[in-house]
Number of protein chains: 2
Amino acid sequence: MPLADEVLKGGFLAVSKAISLVENEAVEGRDLLDALSPRVGAALRVGITGPPGVGKSTTIDELASAFRRRGDKPAILAVDPTSPFTGGALLGDRIRMVKTAEGGTVFMRSMATRGTGGGLSRATQDAADVLDAAGFSVILIETVGVGQSEIEVSRAADVVVVMLSPESGDGIQALKSGLLEIADLLVINKADRPGAERFEQDLRTAFELGLRARRDLPILLTQAVHAKGTAELVVALDALVASRRASGAFEERRRKNMESRVRQIAEFLVRKSLWAANGGGSRIEATARRVLSGEQSPYRAAQQLVREALQ
Amino acid sequence: MPLADEVLKGGFLAVSKAISLVENEAVEGRDLLDALSPRVGAALRVGITGPPGVGKSTTIDELASAFRRRGDKPAILAVDPTSPFTGGALLGDRIRMVKTAEGGTVFMRSMATRGTGGGLSRATQDAADVLDAAGFSVILIETVGVGQSEIEVSRAADVVVVMLSPESGDGIQALKSGLLEIADLLVINKADRPGAERFEQDLRTAFELGLRARRDLPILLTQAVHAKGTAELVVALDALVASRRASGAFEERRRKNMESRVRQIAEFLVRKSLWAANGGGSRIEATARRVLSGEQSPYRAAQQLVREALQ
């Protein structure tokens, strides 16, 4: 497959085309992923999430520069909740080259939110596979830390960095939404703002009181707009990954992530064949009428529908 | 089936036992629903939703009294987001008899939130079927209007009442969360509070500007704590149902709702047989290992898993 060969060579345009292909859930995309699969697995996948306005993009750009400086080849996947209000990936800007301090460029791609049912999570992981096969060594996956689907996406990474800021005052929100539970590293950005140290103390107290299992969560203070703290973040990530590789926790997590990914894909495929076999809804309509007439309970009717579709 | 006979006679205890049975997703529950299905369909199902603190419970108690006074037999299903923080259905209070003004009692049942995956929606609709077969003529389904799953539950009703209050100032929230889109009737409760009329005007302006399809949405002002406006709400519901029955929209909606209910049950059944056939996860684990070793892409691996499970 010529495109697969181009991807393996790491060309930005081939990679971008390949991601579009897998994003469209077409057969060609599946074939491509199949061709690439023996070459997937070397890249480190870092999920970076946090509430809006916390400075994720700036931090990620800085982080990409820092990874480049020490010889890595980073790429950025920005998962973009395409709200009609805020504008998002649909408005264009699907590929952006991030200029680093030294004048290099970093591959950056926005992933558009696509309905419900796990499509976004699937597409993002597929895109990460493409980047991985293309030889990118670090994949930074940016998601907005609101909503279950964004949390799902970042949970699929090898390591999750949760960003908060002393301003946002949303430590409580982060606790409630489950953000802190998925964090492997906590970053307090805008650390020059008043209250940053107090905020860190409050978080540590919260861990002592209510989230004891999270007591050892590393907390870093950064000022991304002043390029402060991102080099330390790279060091902290390195240390975390090294210790997890040594203990086997790194591979264990990959396996767990892959199990849930395979599970989701299997359910997606079954759903698809279930409804394809039922001829575009006409069978469902007939089934619903049967239930409403009192002929069958919804369960018996659904059972019959499944039996006929998948026999 | 003796329990089915007891349910058809309308005894509160039999109904309560039957709902527990269908809630547990046991085979007995399915058999019961099957036995009841010819007798399901007469009741009107009214979804009542809105943000916390808007006065839903008070309004629903008043509404139940109003329905009783004019000869209906109402029942209340309260969908209860069992947060560990707020306490909920799990803390007991699963059945409550609501005292009406005249001293009668109304059957009231809390439905506990059960994980994700549509379980709550399924259980609530099954419980409504039981109440329907038991001869309750109006089923008031209370959900908190936050979160997609609660919105799903109320969408399954024949008519949806969305409640807001001038205090909460969450008209914008209601717009953003999609609450207003599912409303068939809008109630502004606590109408004696300052700003109620202003709030109504703002909503109407919002409809003119952004939600033109919703321009004709009836808006009612109520003061549930002073028992004001609920009789008018019953009248408005009657008028809405009558006009929908006349136009065929009522039956059309029931059919659409039943289609999506059957669809969800079918997917649930397929998911269950998919994972039951795969022997408690050991197959998934083996599949994940195969993918991680580069042998297969996640899609091929999932495909193989599905084929073997459902052949």
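Colleague: What makes you say that the copies meet through the same surface?

Modeller: In this predicted model, 100% of the interface residues of chain B are interface residues in chain A as well, so the two copies use the same surface to meet.

Colleague: And how many residues of each chain are in contact?

Modeller: On chain B there are 40, in contact with 40 residues of chain A. Being in contact here takes C-beta atoms that lie within 7 Å.

Colleague: Which elements of chain B give two or more residues to that side?

Modeller: They are α3, α11 (249-277), α12 (282-292) and α13 (298-310) of chain B. α11(B) gives the most, with 14 residues. By class, the side of chain B that touches chain A has 21 nonpolar, seven polar and twelve charged residues.

Colleague: How do you know that the two copies are related as by a two-fold rotation axis?

Modeller: Well, two copies of a chain are related by a rotation about an axis and a shift along it. Here a turn of 180° and a shift of 0.1 Å along the axis lay chain B on chain A with an RMSD of 0.1 Å. The copies are therefore related as by a two-fold rotation axis.

Colleague: Now to the helices. Why is α1(B) called oblique to α3(B)?

Modeller: Helix α1 (residues 2-9) of chain B packs against helix α3 (residues 27-36) of chain B at an angle of about 50°, their axes 9 Å apart. Angles under 35 degrees count as roughly parallel, and roughly perpendicular runs from 65 to 115. About 50° falls in neither range, so α1(B) is oblique to α3(B). As for handedness, α1(B) passes α3(B) in a right-handed crossing.

Colleague: Which residues meet there?

Modeller: From α1(B) come L3(B), A4(B) and V7(B), and they meet L32(B), A35(B) and L36(B) in α3(B). That contact has six nonpolar, no polar and no charged residues.

Colleague: What are the predictor's own scores?

Modeller: For the complex it gives an ipTM of 0.80 and a pTM of 0.72. In chain A the mean pLDDT is 84, with 84% of the residues at 70 or more.

Colleague: Which elements of chain A have the lowest and the highest mean pLDDT?

Modeller: The lowest, 55, belongs to strand β3 (residues 95-99) of chain A, and the highest, 96, to helix α10 (residues 230-247) of chain A.

Colleague: And where in chain A does pLDDT stay under 50?

Modeller: Over residues 83-94 of chain A, a stretch for which the model has 16 contacts beyond four places in sequence.

How values were computed
Residues are numbered from 1 along each chain as its sequence is written. Chains are lettered from A and ligands numbered from 1 in the order in which they are written. This is a predicted model: local features need pLDDT of at least 70, side-chain atom pairs count only at pLDDT 80 or more; totals for chains, interfaces and linings use all residues. Axes are lines fitted to C-alpha atoms, for helices over the stretch in contact, and angles run from 0 to 180 degrees between N-to-C directions. Helices (H or I, at least four residues) and strands (E, at least two) are DSSP runs, numbered from the N terminus. Angles under 35 degrees count as roughly parallel, over 145 as roughly antiparallel, 65 to 115 as roughly perpendicular and the rest as oblique. A crossing is left-handed if the near helix is turned anticlockwise from the far one by less than a right angle, and right-handed if clockwise. Ala, Val, Leu, Ile, Met, Phe, Trp, Tyr, Cys and Pro count as nonpolar, Asp, Glu, Lys and Arg as charged, and the others, Gly among them, as polar. pLDDT is the predictor's confidence in each residue, from 0 to 100. Copies are superposed by least squares on the C-alpha atoms of residues with pLDDT of at least 70 in both.
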